[in-house]
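Trainee: Got a minute? I've just opened this one and would like a walk through it.
Mentor: Sure, pull it up and ask away.

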Amino acid sequence: MTLAGGRAMLNRRSLLKATAGLAVSALCPITGLAQSGRSITEFGVSPETENSQSRAFATALHRASFDNVPLHLPPGRYHVGQIALPRNLHLTGIAGMSELVFTGGSYLADGRDMQRLTLDGVTFDGAQLPFDDPSGALLNLDGVKQLSVTNCTIRDSSAGGLYLKRAAGRVSGNSIVQIGDVGIFSRDAEGLDIDDNRVSHCGNGGILVHRSSPGSDGSRVNGNRVSHIRADLGGTGPFGNGINVYRAGDVAIEGNHVSDCAFSAIRSNGGSNLSVAGNHCLRSGETAIYSEFSFEGAVISDNIVDGAANGISIVNFNEGGRLATCSGNLVRNLSLDGPYQPGDPGFGLGITVEADCAVSGNVIEGAPRFGMLLGWGPFLRNVSATGNVIRRAGTGIAVSVVEGAGKAVIGGNVISDTKDGAIRGYRWAEAVTDDLIGQPTPAPHLVLSGNSAG
């Protein structure tokens, strides 16, 4: 470099030297990351051995946490287990190439009361080893104020995949496959987004959002792909669901693609102010979309249900389940067969509602029992079913005429190709009226107008 007129002048050689570091950083992001943090190999942890490196690995995590620097996991397989995570940790790897392999115990990694945890690009491989605690999970995190789990793979666990309690943050873009129990289990979240993950081939559930007691949760479960969920623990609905809400209020479940679940694609038990919108629910073993038991408030809209025993059920007024809208859904290809022997009214139902509910603008095709079921015995109150299209059903609309049933308005629906009538009154599972299209209403609680059958 020379001086001319008091200004610095760069020749070609000095310019190349000055920009060399920038070029390396831009072209080699892995090198840049290692330079900004530390590599775990600096702590004597090597992917070249199949022996457990749990102690050295844990030491590396705690040292990086103490120094407040990111820790990088170069490509390779690292055999570890029973790792206690520090309160602050930023661990990165190369997606699909940096693997932690479970060596046994009750978990691969466990974190408690953490301020911040970032995991990116790391594979957690359970190697299908048995867990000391069968209710455990590969990743067990209890109390994380700032959580980010992105671009990771969690696989081949004989128990759970990712268990979260009191977590706030984001679980995004991960692949969670071949899990013996539940893929992602969140309990008592404190502001959690679960989005754009792939969860498949799980033994008892895909994504669960639960609370220890009823209350606002606020989790968002959006844009995930969930498939092939079994119900290894059996039962009639607690297990085998793609996305499951339990006692968690204010949860949004939107834009997910859920297929091949033993029971429901989306099932909410006691979840108030629930939003289920724009989801694809394919080949569900029982009811595709369920809002049940003691909930208040559900919006179920613009979903596609193709293949299920029942389509959409918004029920259990006897337990306090009430207050919902059900609109713009497409429900088709339902079956009389389900995963267990049902009581009345059975399977093959398109949309079932009971209390304080507006049902409008839905299209139902291929419901062999009922296109719609309004009320069950005396559990019917303030239901409006208007502007729906129902085709190829047993009975188009079945409405309760049991003593004590409340108001129902049925208007402007188009019903065709029904084997057992377009609209009929039922006492529980027994049809007790003729087709009501164009006939005087048989009970004062029913208002029928403008319906068309053909």
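**Pockets, cores and odd spots**

Mentor: Let's begin with the largest pocket, which is lined by 50 residues; Thr-236, Gly-237, Pro-238, Arg-267 and Glu-292 are the ones nearest its centre. Keep in mind that this is a predicted model.

Trainee: OK, and what volume does the largest pocket have?
Mentor: About 1000 Å³.

Trainee: Which strand gives the most to the lining of the largest pocket?
Mentor: That's strand S13, residues 160–172, with 4 residues in the lining.

Trainee: How many residues of that lining are nonpolar, polar and charged?
Mentor: For the largest pocket, 23 are nonpolar, 20 are polar and 7 are charged.

Trainee: Switching to closed spaces: how many cavities of 30 Å³ or more does the structure hold?
Mentor: It holds 1. The volume of the largest cavity is about 60 Å³.

Trainee: Which residues line the largest cavity?
Mentor: Phe-57, Leu-61, Ile-83, Leu-85, Leu-89, Leu-91, Leu-100, Leu-108, Ala-109, Leu-119 and Phe-124. Helix H3 (54–67), strand S7 (88–93) and strand S9 (109–120) are the elements that each give two or more residues to this lining. As for character, the lining has 11 nonpolar residues, with no polar and no charged ones.

Trainee: Now the core. Which residues have the most contacts inside the largest nonpolar core?
Mentor: Phe-57, Phe-124, Leu-147 and Leu-374, in a core of 101 residues. Strand S11 (residues 137–150) supplies the largest share of this core, 6 residues. Another core lies apart from it, with 6 residues, including Phe-370, Leu-373, Trp-376 and Tyr-426.

Trainee: Is there a general point behind cores like these?
Mentor: Yes: in soluble globular proteins, nonpolar side chains tend to be buried together.

Trainee: Back to Leu-374. What is it in contact with, leaving aside neighbours within four places in sequence?
Mentor: Leu-374 is in contact with Val-353, Leu-380, Val-383, Ala-385, Ile-397, Ala-398, Val-399, Ser-400 and Ile-410.

Trainee: How many disulfides are there?
Mentor: The count is 0. Take Cys-152, which is in no disulfide: the nearest cysteine sulfur belongs to Cys-202 and is 16 Å away. Cys-152 is also buried, at 2% relative accessibility.

Trainee: Why is there no bond between Cys-357 and Cys-326?
Mentor: Because their sulfurs are 6.2 Å apart, which is too far for a bond; a disulfide needs the two sulfur atoms within 2.5 Å. Cys-326 has the closest cysteine sulfur to that of Cys-357.

Trainee: Is Cys-357 buried or exposed?
Mentor: Cys-357 counts as buried, because its relative accessibility is 3%, and buried means under 20%.

Trainee: New topic, the backbone. Where is there a cis peptide bond?
Mentor: Between Asp-344 and Pro-345, with omega about 5°. Pro-345 sits in the loop that runs between strand S32 (330–334) and strand S33 (349–353).

Trainee: And which residue other than glycine has a positive phi near 60°?
Mentor: Asp-196 is one of them. You'll find Asp-196 in the loop between strand S16 (192–195) and strand S17 (198–202), and it is partly exposed, with a relative accessible area of 46%. Arg-247 isn't a glycine either, and its phi is positive, about 60°.

Trainee: Where is Arg-247 found?
Mentor: In strand S21, residues 241–249. Arg-247 is partly exposed too, with a relative accessible area of 24%.

Note on methods
Residues are numbered from 1 along each chain as its sequence is written. This is a predicted model: local features need pLDDT of at least 70, side-chain atom pairs count only at pLDDT 80 or more; totals for chains, interfaces and linings use all residues. Side-chain values use heavy atoms; hydrogens and water are left out. On a 1 Å grid over the protein atoms alone, a cavity is a set of points where a 1.4 Å probe fits but cannot get out, and a pocket is an open set with protein on both sides within 12 Å along at least five of seven lines; lining residues have an atom within 4 Å of a point. Grid points are joined across faces, edges and corners, and a volume is the space filled by probe spheres set on the points. Ala, Val, Leu, Ile, Met, Phe, Trp, Tyr, Cys and Pro count as nonpolar, Asp, Glu, Lys and Arg as charged, and the others, Gly among them, as polar. A nonpolar core is a set of buried Ala, Val, Leu, Ile, Met, Phe, Trp, Tyr and Cys residues joined through side-chain atoms within 4.5 Å. Buried means under 20% relative accessible area, exposed over 50%, partly exposed in between (1.4 Å probe, protein chains only). Contact means heavy atoms within 4.5 Å.
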